[in-house]
Amino acid sequence: MKLDYHIHTKLCKHATGEMEEYVEQAIEKGFKEIAFTDHIPLPQAFDLAHRMELQQIDDYLNSIEKLRVRYREVSILTGIEADFYDGFEDFLDAFLSRHPFEIVILSVHFVRHWPKGNWAFSYYFPDRAIAEIYSDYLQAIMRGIQTGLFNVLGHLDLIKRDDARLLDHNETEVRELLQLAARQQMAVEINTSGLRKEIGEPYPHQTIWPLLAEYQLPVVMGSDAHAPGQVGFDFTNMERALSQIGGLQKVRLINGYFKPVEWAKGKEVVKPV
């Protein structure tokens with residue numbers, strides 16, 4: 001069963017295309033279920049350039065409902081990519097309690113007290129070891145997991161450098177993080193957007209996949225699509241590789257619970273975008 005649980009919309013201001021185009025791409029590529037998971041609005045107009053505004057949330061939810069009625073060929077889940085940022089916990093709790101999201105992806109794009117607007121990609125500090133920098137990021141994710149507000153852990157090693165793997169520097173913390181996620185009964189996203197970027201590899205890196213099986217963490221597939229043509233990007237190739245990891249289970253969400261589904265098979269048809 002082909003599923004894509006991480007799709008954005010132009011409401012985030014850095015994606016293109018209409019929501020209908022994403023759905024039609026999914027149908028054309030044989031997907032049976034997708035989730036729109038646009039970036040959550042945050043208080044104090046935080047990072048407003050990369051996310052919808054608070055007053056747009058009803059339009060977002062209503063648009064998904066209309067698409068569900070219009071397109072019966074594919075199941076469309078209501079989701080959100082919810083940034084965890086220290087100090088916004090009460091806002092997140094209240095916001096997520098008010099809205100019926102089925103998929104809530106935990107992501108960390110900002111780390112409090114970091115320079116350059118706390119942006120996670122501004123982590124090159126000449127006076128700090130890479131393990132300390134990675135620790136800041138991993139500890140922020142763990143604080144997010146402990147809130148219990150999320151059911152999917154998104155692009156786990158987003159901060160990685162190709163010459164400095166997380167497991168090479170922070171294996172103990174990675175294991176602690178995965179154990180926490182397992183206790184919260186979360187799924188971990190295999191995010192293929194890194195294959196479209198300079199890093200040239202999925203999130204998380206393949207070296208982490210066996211640990212997902214070890215901690216009995218199921219996985220969901222996410223393209224992190226910001227354009228219609230990116231829906232399901234390189235999923236078949238990734239799923240072939242993932243299926244070789246003994247004990248690693250792909251899942252879909254059914255009635256609020258993650259249930260096993262088979263890995264995708266067949267010839268890859270998604271082209272680089």
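Here is a walk through this predicted model, from the whole chain down to single residues. Residues are numbered from 1 along each chain as its sequence is written, and side-chain values use heavy atoms, with hydrogens and water left out. Because the model is predicted, local features need pLDDT of at least 70 and side-chain atom pairs count only at pLDDT 80 or more, while totals for chains, interfaces and linings use all residues.

Let's start with the big picture. The chain folds into 7 helices and 9 strands; these are DSSP runs, numbered from the N terminus, with helices (H or I) of at least four residues and strands (E) of at least two. Its radius of gyration is 18 Å, close to the 19 Å that the globule rule gives for 273 residues, so the chain is as compact as a globular protein of that length. That radius is taken over C-alpha atoms, and the globule rule is 2.2 Å times the number of residues to the power 0.38. If you'd like box dimensions, the C-alpha trace spans about 55 × 45 × 35 Å along its principal axes.

Now for inside and outside. Of the 273 residues, 58% count as buried, where buried means under 20% relative accessible area, exposed means over 50%, and partly exposed is in between (1.4 Å probe, protein chains only). The chain exposes about 11900 Å², and carbon and sulfur atoms supply 48% of that area. Those areas come from the Shrake-Rupley method with a 1.4 Å probe, and for residues only the protein chains shown count as cover. As for what touches what, a contact means heavy atoms within 4.5 Å. Among contacts in the chain with a separation of 6 or more, 75% are between residues 24 or more positions apart.

What about the nonpolar interior? A nonpolar core is a set of buried Ala, Val, Leu, Ile, Met, Phe, Trp, Tyr and Cys residues joined through side-chain atoms within 4.5 Å. The largest one here has 84 residues, and Phe36, Ile80 and Leu212 have the most contacts inside it. Helix H4 (residues 130–146) gives the most to this core, with 9 residues. There is also a second, separate core of 13 residues, which includes Tyr5, Ile103, Val251 and Phe258.

Time to visit some individual residues, beginning with methionine 19. Find it in helix H1 (residues 19–28). Methionine 19 has a relative accessible area of 13%, so it is buried. Its contacts, not counting residues up to four places away in sequence, are Thr9, Phe36, Tyr60, Ser63, Ile64 and Leu67. Methionine 19 and threonine 9 are 10 residues apart in sequence, and their C-alpha atoms are 6.3 Å apart in space.

Next, head to the loop between strand E2 (33–39) and helix H2 (57–70), where you'll find alanine 45. Alanine 45 has a positive phi of about 55° although it is not a glycine. Leucine 42 lies in the loop between E2 and H2 too. At a relative accessible area of 5%, leucine 42 is buried, and it touches Arg51, Asp83, Phe88 and Phe91, leaving out residues up to four places away in sequence. The C-alpha atoms of leucine 42 and leucine 54 are separated by 7.5 Å, with their positions 12 residues apart along the chain.

Histidine 99 sits in the loop between helix H3 (89–98) and strand E4 (103–107). Its relative accessible area is 13%, so histidine 99 is buried. Leaving aside neighbours within four places in sequence, histidine 99 is in contact with Ile57, Asp58 and Leu61.

Further along comes aspartate 157, in the loop between strand E5 (152–153) and helix H5 (166–183). Is this residue buried or exposed? Aspartate 157 has just 2% relative accessibility, so it counts as buried. Not counting residues up to four places away in sequence, aspartate 157 touches Tyr137, Leu166, Pro202, Tyr203, Pro204, His205 and Ile208. Two of those partners, tyrosine 203 and proline 204, are joined by a cis peptide bond with omega of about -10°. Proline 204 lies in the loop between strand E6 (187–191) and H6.

For a contrast, look at glutamine 216, in the loop between helix H6 (209–214) and strand E7 (219–222). Glutamine 216 has a relative accessible area of 70%, so it is exposed. Asparagine 255, in the loop between strand E8 (250–254) and strand E9 (257–261), is exposed at 73%. Phi of asparagine 255 is near 55°, a positive value in a residue other than glycine.
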